[in-house]
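Student: Hi, I'm new to this one. Can you walk me through it?
Tutor: Sure. Have a look first, then ask away.

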Amino acid sequence: MTSLHSNDGAQTLTARQAGLVGCHSCGRVHPMGTPRCSRCGAALHSRMPGSLQKVWAWLFAGIVVYVPANIYPMLLTTSFGATTENTIMGGAVELMHHGSYGVALIVFVASVLIPVGKFLAIGYLALVVDHGSRLGGRLRRGQDLHRRQRLFEVVEFIGRWSMIDVFVVAILSALVQLDFAATINPGIAAVSFSLSVAFTMLAALSFDPRLIWDAEQDLT
Amino acid sequence: MTRIVMLAATALVLMVAAVFFPFLELSAGGMVRQSSLLDAVLAFSSGLLLPLTFAVAALIIVLPVLRLASILYALAPMALGWHSARHGVAAFRLAEALRPWAMAEIFIVGVAVALVKVAGLARLGIGPAFWTFAALVLVTVLNDTYMCRLTVWKTLEERRRP
């Protein structure tokens, strides 16, 4: 990696060119063609088979269930006989009216910014890697590849934090069951939202970051 | 190695306490409502939301426990200076695969947000399970920072049964 930084565009020898394959689970290096890792027993692949297909499938599933998650109510609050329904955005806006801007920001970031950002980032990475010759044609420096790798790491790390909102709903509806005064019940959006988070996590997990570095041979 | 094993064992003990002690207590207008971690899990157990119960239970209780248990199983024999356990390699691989899905630390942030939302509505009491769960999260994070995956894999390979 450091060699890539110091002399830009210089060809580095990849494991694949050297006839080697690294285990994605424990990192041990084997000669090409070994079916299973001798250390941890995971199946060995030079590149994950069908990685991009899986990424697209999980990503679209995630986007599809994200739509009802925003339309249907997340929380049903019953207070003295009157029921109010709160969607994800509604909950954040209401928190802001109460004056707790910090918490409103956390909810907004976790349940709107992160999921949408993740859709865009995963889609961008998959597109760039897939049409390496066309979209990646503008790629001139090794740093671009580093930036993509960093983007992938951020997406992989941050994805699970979207679940905050689902947990908030779970605690609220377990805690606030005061018969007449106030009751909070979960809405159907909680299910589709957690599905959306799970699907996009799977999309990030099935992306093979080694595909990013395959574009290196296109460097001019 | 010993430190990781000890931290994992601590986290497991804390988890048992966190599940069964009362978590939070809400009182308004003379009514008191106590809820444990299990109640939070069972909050979705009506009608269409039922699958979410299993998901939440898995994410905040089952998977963290499974992960800690498999780390213990893989590393404890080696910390005592023995050969690695029979399926220790598979157990550690499982622990690594579960890492993104064990969401205890995300749950605690969710609790904080929920507390702010409820604070205006009623008086809140924080039960012993809240503190044990917070400690559990801290211990788990420490565990993950101390554990070097490459070293563990190397040691697992060296101490293999002949």
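Student: In chain B, what share of the contacts between residues at least 6 apart in sequence join residues at least 24 apart?
Tutor: That share is 75%. Keep in mind that this is a predicted model.

Student: How many helices and strands does chain B have?
Tutor: Seven helices and three strands.

Student: In what order do they run?
Tutor: Starting at the N terminus, chain B reads α-β-β-α-α-α-α-β-α-α.

Student: And how much of chain B is buried?
Tutor: Buried residues account for 50% of its 162 residues. The accessible surface of chain B is about 7,800 Å². Carbon and sulfur atoms hold 69% of that surface.

Student: Let's move to the interface. How many residues does each chain bring to the contact?
Tutor: Chain A brings 44 residues and chain B brings 42. In chain A, the residues that lose the most area to chain B are A:Arg39, A:Phe167 and A:Leu175. Together they make up 19% of what that side buries.

Student: What is the area buried between the two chains, A and B?
Tutor: About 3,800 Å². Carbon and sulfur atoms give 77% of it.

Student: How many salt bridges cross between chain A and chain B?
Tutor: The rule finds zero. For residue pairs in polar contact between chain A and chain B, with both at pLDDT 80 or more, the count is also zero.

Student: Which elements of chain A supply at least two residues each to the side that touches chain B?
Tutor: Helix H4 (101-130), helix H6 (164-175) and helix H7 (189-206) do. Strand S5 (177-178) and strand S6 (182-186) do too.

Student: Which one gives the most?
Tutor: H6(A), with eleven residues.

Student: Pick a residue in H6 for me.
Tutor: Take A:Ala174, which lies in helix H6 of chain A.

Student: Is A:Ala174 buried or exposed?
Tutor: A:Ala174 counts as buried because its relative accessible area is 3%, and the cut-off for buried is under 20%. A:Ile184 sits ten residues from A:Ala174 in sequence. Their C-alpha atoms are 8.0 Å apart in space.

Student: New topic. Which residues make the nonpolar surface patch of about 380 Å²?
Tutor: A:Val67, A:Ile71, A:Tyr72 and A:Ile188.

Student: Where is A:Ile71 found?
Tutor: In helix H2 of chain A, residues 51-71. A:Ile71 is exposed, at 57% relative accessible area.

Student: And where does A:Tyr72 lie?
Tutor: A:Tyr72 is in the loop between H2 and strand S3 (75-79) of chain A.

Student: Why does A:Tyr72 count as partly exposed?
Tutor: Because its relative accessibility is 45%. Buried means under 20% and exposed means over 50%, so a value in between is partly exposed.

Student: What is A:Tyr72 in contact with, leaving aside neighbours within four places in sequence?
Tutor: A:Thr87, A:Ile188 and A:Ala189. A:Ile188 is also a member of the patch. As for A:Ile88, that residue is 16 residues from A:Tyr72 in sequence and 8.6 Å away in space, C-alpha to C-alpha.

Student: One last residue: is A:Gln149 buried or exposed?
Tutor: A:Gln149 is buried, with a relative accessible area of 13%. A:Gln149 is in helix H5 of chain A, residues 142-158. Setting aside neighbours within four places in sequence, A:Gln149 is in contact with A:Pro209, A:Ile212 and A:Trp213.

Key. Residues numbered from 1 in each chain as written. Chains lettered and ligands numbered in written order. Predicted model: local features only at pLDDT ≥ 70, side-chain atom pairs only at ≥ 80, totals over all residues. Heavy atoms only, no water. Patch = residues over 30% accessible without salt bridge, like charges linked within 9 Å, V, L, I, M, F, W, Y side chains within 5 Å. Areas by Shrake-Rupley, 256 points an atom, 1.4 Å probe, with all protein chains shown as cover. Salt bridge = Lys/Arg side-chain N within 4 Å of Asp/Glu carboxyl O. Helix = DSSP H or I, 4+ residues; strand = E, 2+ residues; numbered from the N terminus. Buried < 20%, exposed > 50% of the residue type's maximum accessible area, 1.4 Å probe, protein only. Contact = heavy atoms within 4.5 Å. Buried area = accessible area lost by both parts, 1.4 Å probe. Polar contact = N/O pair within 3.5 Å; in protein donor to acceptor, adjacent residues only side chain to side chain.
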